[in-house]
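Work through the exercises below with the structure open. Each one sets a task and then solves it step by step.

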Amino acid sequence: MKYIPSTRSQNSMIGYQISRLKIDTETKEEMIWLYTDGRTTKISELRFDEASNVIKALLSGQAKYETPKSKMIRKMLSMAHEMNWEHSTGAIDMDRVNKWVNKYGQYKKNINLYTEAELPALVTAFEKMYLKHIKG
């Protein structure tokens, strides 16, 4: 099957919308990666249909991408999962996570109340605890 590359006009529209929405480079690359099923992270390498889907998503506010805050929280929850901090259903035990965050976190509040700027220190502390757990 022959694929049609995206047009300059499409690429410009995507770039403009990303700028307008103040989407950072890492988030933009993740979004492109998601819309290409992991084929690329570059706007210039989009196919016509992929570019159309990205434009529709950006214009409608339905674009698939993760904010840096959600990435950091997801990273912590992934480590919690690996340490078996979960219920019998397999769902993360958020009470346990929040108890740890309230006890050891700098700001003594639940994980979802942390701002993007506050999270890096919390993630680092959680990683240290996780590594101790893994080492035994």
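## Exercise 1: A buried charged pair

In this predicted model, Lys71 is buried, and Glu30 is buried as well.

Task: find which side chains Lys71 meets in salt bridges, and place each pair in the fold.

Solution.
- Step 1. Start with Glu30. Its side chain and that of Lys71 form a salt bridge, 2.9 Å from N to O. This pair joins distant parts of the chain: Lys71 sits in helix 4 and Glu30 in helix 2, 41 residues apart.
- Step 2. Turn to Glu26. Its side chain also meets Lys71 in a salt bridge, at 2.9 Å (N to O). Here Glu26 is in helix 2 and Lys71 in helix 4, with their positions 45 residues apart.
- Step 3. Check burial. Lys71 has a relative accessible area of 17%, so it counts as buried under the 20% cut-off. Glu26 has 51%, so it is exposed, being over 50%.
- Step 4. Put the pairs together. Glu26, Glu30 and Lys71 form a network of salt bridges.

## Exercise 2: From helix 4 to helix 6

Task: identify the salt bridge of Lys75, and state which helices it ties together.

Solution.
- Step 1. The partner is Glu127; the side chains meet at 2.6 Å, N to O.
- Step 2. Lys75 lies in helix 4 and Glu127 in helix 6, so the bridge ties together parts 52 residues apart in sequence.
- Step 3. Lys75 is partly exposed, with a relative accessible area of 40%. Glu127 is partly exposed too, at 24%.
- Step 4. For the overall count, a search of the whole structure finds 5 salt bridges.

## Exercise 3: Checking helix 4

Task: test the span of helix 4, then find what covers its buried residues.

Solution.
- Step 1. Helix 4 covers residues 68-82, 15 residues in all. At 1.5 Å a residue, the expected span is 21 Å. The end C-alpha atoms are 21 Å apart, which agrees.
- Step 2. The buried residues are Lys71, Met72, Ile73, Met76, Met79 and Ala80.
- Step 3. Their cover includes helix 2, helix 5 (94-104) and helix 6 (119-135).
- Step 4. Look just past the helix: Asn84 takes a positive phi of about 65°.

## Exercise 4: Helix 3 and its surroundings

Task: repeat the check for helix 3, then examine Ser60 and Leu59.

Solution.
- Step 1. The 13 residues of helix 3 (residues 48-60) should span 18 Å, and the end C-alpha atoms are 18 Å apart, in agreement.
- Step 2. Its buried residues are Glu50, Ala51, Ser52, Val54, Ile55, Ala57 and Leu58. Helix 1 and helix 2 (25-35) are among the elements that cover them.
- Step 3. Ser60 is partly exposed, at 45% relative accessible area. A polar atom of its side chain lies 3.2 Å from the backbone oxygen of Ala57.
- Step 4. Leu59 joins Met13 and Tyr16 in a nonpolar surface patch of about 310 Å².
- Step 5. Just after the helix, Gly61 has a positive phi of about 80°.

## Exercise 5: Two buried polar residues

Task: is Gln17 buried or exposed, and which side chain makes a polar contact with that of Ser6?

Solution.
- Step 1. Gln17 is in helix 1. With a relative accessible area of 5%, Gln17 is buried.
- Step 2. Beyond its neighbours within four places in sequence, Gln17 contacts Leu58 and Leu59.
- Step 3. Ser6 is in the segment before helix 1 (8-20). Ser6 counts as buried, at 13% relative accessibility.
- Step 4. The side chains of Ser6 and Asn11 share a polar contact of 2.8 Å.

How values were computed: Residues numbered from 1 in each chain as written. Predicted model: local features only at pLDDT ≥ 70, side-chain atom pairs only at ≥ 80, totals over all residues. Heavy atoms only, no water. Helix = DSSP H or I, 4+ residues; strand = E, 2+ residues; numbered from the N terminus. Buried < 20%, exposed > 50% of the residue type's maximum accessible area, 1.4 Å probe, protein only. Polar contact = N/O pair within 3.5 Å; in protein donor to acceptor, adjacent residues only side chain to side chain. Expected span 1.5 Å × (residues − 1). Contact = heavy atoms within 4.5 Å. Patch = residues over 30% accessible without salt bridge, like charges linked within 9 Å, V, L, I, M, F, W, Y side chains within 5 Å. Areas by Shrake-Rupley, 256 points an atom, 1.4 Å probe, with all protein chains shown as cover. Salt bridge = Lys/Arg side-chain N within 4 Å of Asp/Glu carboxyl O.
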